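Good morning, and thank you for making time for this. Please have the sequence and the coordinates open while I talk, and I will go through helix packing, then a pocket, and then some backbone details.

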Amino acid sequence: MKTGLETLILPAGEAGAEAAARTLASGGLVAFPTETVYGLGADAANAAAIAHLYAAKGRPAFNPLIAHVADLAAAQVIGQFDARALSLAEAFWPGPLTLVVPKAKNCPVADLATAGLDTVAIRIPAHPVAQAILRAFGGAVVAPSANISGHVSPTLAAHVESDLAGRIDLIVDGGPVAVGVESTIVGCFDAPMLLRPGGLSRERIEAVLGSPLARPPLEAESDDSQPLAPGMLASHYAPRASVRLNAREVALGEALLAFGPSRLPGVEAAAAVMNLSPAADLDEAAANLFGYLRALDARGPRAIAVMTIPEEGLGEAINDRLRRAAVAR
């Protein structure tokens with residue numbers, strides 16, 4: 001792995017997109033904003049660049065990556081879309097939806113990026129900076145979240161710099177992201193399956209399909225098994241402090257990740273308090289989730305207590321990330 005790189009930080013714009021495209025074409029690593037979180041990009045066809053990406057993140061080599069492309073025509077070069085997959089693509093792309101589909105014949109995405117699977121995960125991001133970089137580059141870019149593997153996902157360029165400065169070539173700073181949790185992943189299998197909740201709700205997807213999404217088998221989410229899709233390791237998205245869910249009080253030395261207007265007993269003595277959404281708005285909570293976890297973790301609490309968040313809409317994705325953050329390590 002390259003170490004001690006000089007990580008260049010450029011503002012979003014035409015010059016930043018062109019620099020990103022040149023860096024990707026030369027096998028380098030580029031962090032850039034999408035509407036979900038900041039991604040760490042590498043040329044999807046360059047196995048050496050992908051190996052460097054895994055090393056820079058400390059990412060398990062069996063965890064597959066999402067290939068980001070500029071449009072549906074580019075997606076169909078790397079994946080095969082049946083009628084249901086095509087209906088979802090047409091309804092929600094560009095946007096926070098990843099589709100796992102069979103690889104196309106002569107799929108250019110390197111096997112290392114698909115972790116040996118015969119499927120490929122594809123997304124068309126909606127963020128204008130991501131779109132500009134993809135169009136300037138002209139190919140598929142694999143881009144997991146731009147952080148050390150297992151750490152909280154980045155929603156600002158400063159989060160990327162904190163984790164990856166000296167490990168990657170370029171950060172394109174496009175300001176804060178809008179959605180704040182990763183894309184929803186749907187496996188387009190015999191029965192479409194929700195592989196990871198995310199920035200697009202289950203309800204909206206099921207409305208297009210006209211039927212419920214299947215759930216993955218429990219063993220698919222074990223750290224001991226090969227995941228069906230990115231983001232399915234059980235211990236993931238983890239701050240350094242332990243995370244305690246569904247807190248009804250705040251213990252001495254704990255920080256509180258609050259939600260809604262209610263106050264918990266013990267909050268006056270909390271190490272720190274941040275409220276995902278005082279108005280109990282799940283969209284606002286999703287956008288704040290990773291940034292607030294990072295900020296609380298930086299205060300060095302003995303644990304982070306998290307108030308109950310409803311399992312509806314984007315709450316499903318928020319709770320998924322929090323459960324993974326709370327897995328014992």
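Let me begin with α1 and α6, which are oblique to each other, because their axes cross at roughly 50 degrees, and angles from 35 to 65 degrees fall in the oblique class. The two helices are α1, residues 14–25, and α6, residues 128–137, and their axes come within 8 Å. I should say at once that this is a predicted model, so please hear every value that follows as computed from that prediction.

Staying with this pair, α1 passes α6 in a right-handed crossing. On the α1 side the contact is made by Ala17, Ala20, Ala21, Leu24 and Ala25, and on the α6 side by Ala132, Ile133, Ala136 and Phe137. Sorted by class, the residues of this contact come out as nine nonpolar, no polar and no charged.

The next pair is α4, residues 83–92, and α8, residues 202–209, which pack at an angle of about 125 degrees with their axes 10 Å apart. These two helices are therefore oblique to each other as well, and α4 passes α8 in a right-handed crossing. From α4 the participants are Arg84, Ser87, Leu88, Ala91 and Phe92, and they meet Arg204, Ile205, Val208 and Leu209 in α8. Here the contact residues divide into six nonpolar, one polar and two charged.

Which way do α9 and α10 run relative to each other? The helix α10 covers residues 315–326, and it packs with α9 at an angle of about 20 degrees, with the axes 9 Å apart; that makes α9 roughly parallel to α10. In this case α9 passes α10 in a left-handed crossing. The α9 residues Leu282, Ala285, Ala286, Leu289, Phe290 and Leu293 meet Gly315, Ile318, Arg321 and Leu322 in α10, and this set divides into eight nonpolar, one polar and one charged.

Helix α9 also takes us to the second largest pocket, since I would like to treat the two together. That pocket has a volume of about 160 Å³, and its lining consists of His151, Val152, Ser162, Asp163, Ala238, Pro239, Arg240, Arg294, Asp297 and Ala298. The elements giving two or more residues to the lining are α7, residues 157–164, and α9, residues 282–298, and the largest share, three residues, comes from α9. By class, the lining residues divide into four nonpolar, two polar and four charged.

Finally, two backbone details. As a general point, most residues other than glycine have a negative phi, and most peptide bonds are trans. Against that background, Trp93 and Pro94 are joined by a cis peptide bond, with omega at about -5 degrees, and Pro94 lies in the loop between α4 and β5, the latter being residues 97–102. The other detail concerns Asn106, whose phi is near 60 degrees, a positive value in a residue other than glycine; Asn106 is found in the loop between β5 and α5, where α5 is residues 111–114.

To close, please keep two contacts in mind for the discussion: that of α1 with α6, with nine nonpolar residues, no polar and no charged, and that of α4 with α8, with six nonpolar, one polar and two charged.

How values were computed:
Residues are numbered from 1 along each chain as its sequence is written. This is a predicted model: local features need pLDDT of at least 70, side-chain atom pairs count only at pLDDT 80 or more; totals for chains, interfaces and linings use all residues. Side-chain values use heavy atoms; hydrogens and water are left out. Axes are lines fitted to C-alpha atoms, for helices over the stretch in contact, and angles run from 0 to 180 degrees between N-to-C directions. Helices (H or I, at least four residues) and strands (E, at least two) are DSSP runs, numbered from the N terminus. Angles under 35 degrees count as roughly parallel, over 145 as roughly antiparallel, 65 to 115 as roughly perpendicular and the rest as oblique. A crossing is left-handed if the near helix is turned anticlockwise from the far one by less than a right angle, and right-handed if clockwise. Contact means heavy atoms within 4.5 Å. Ala, Val, Leu, Ile, Met, Phe, Trp, Tyr, Cys and Pro count as nonpolar, Asp, Glu, Lys and Arg as charged, and the others, Gly among them, as polar. On a 1 Å grid over the protein atoms alone, a cavity is a set of points where a 1.4 Å probe fits but cannot get out, and a pocket is an open set with protein on both sides within 12 Å along at least five of seven lines; lining residues have an atom within 4 Å of a point. Grid points are joined across faces, edges and corners, and a volume is the space filled by probe spheres set on the points.
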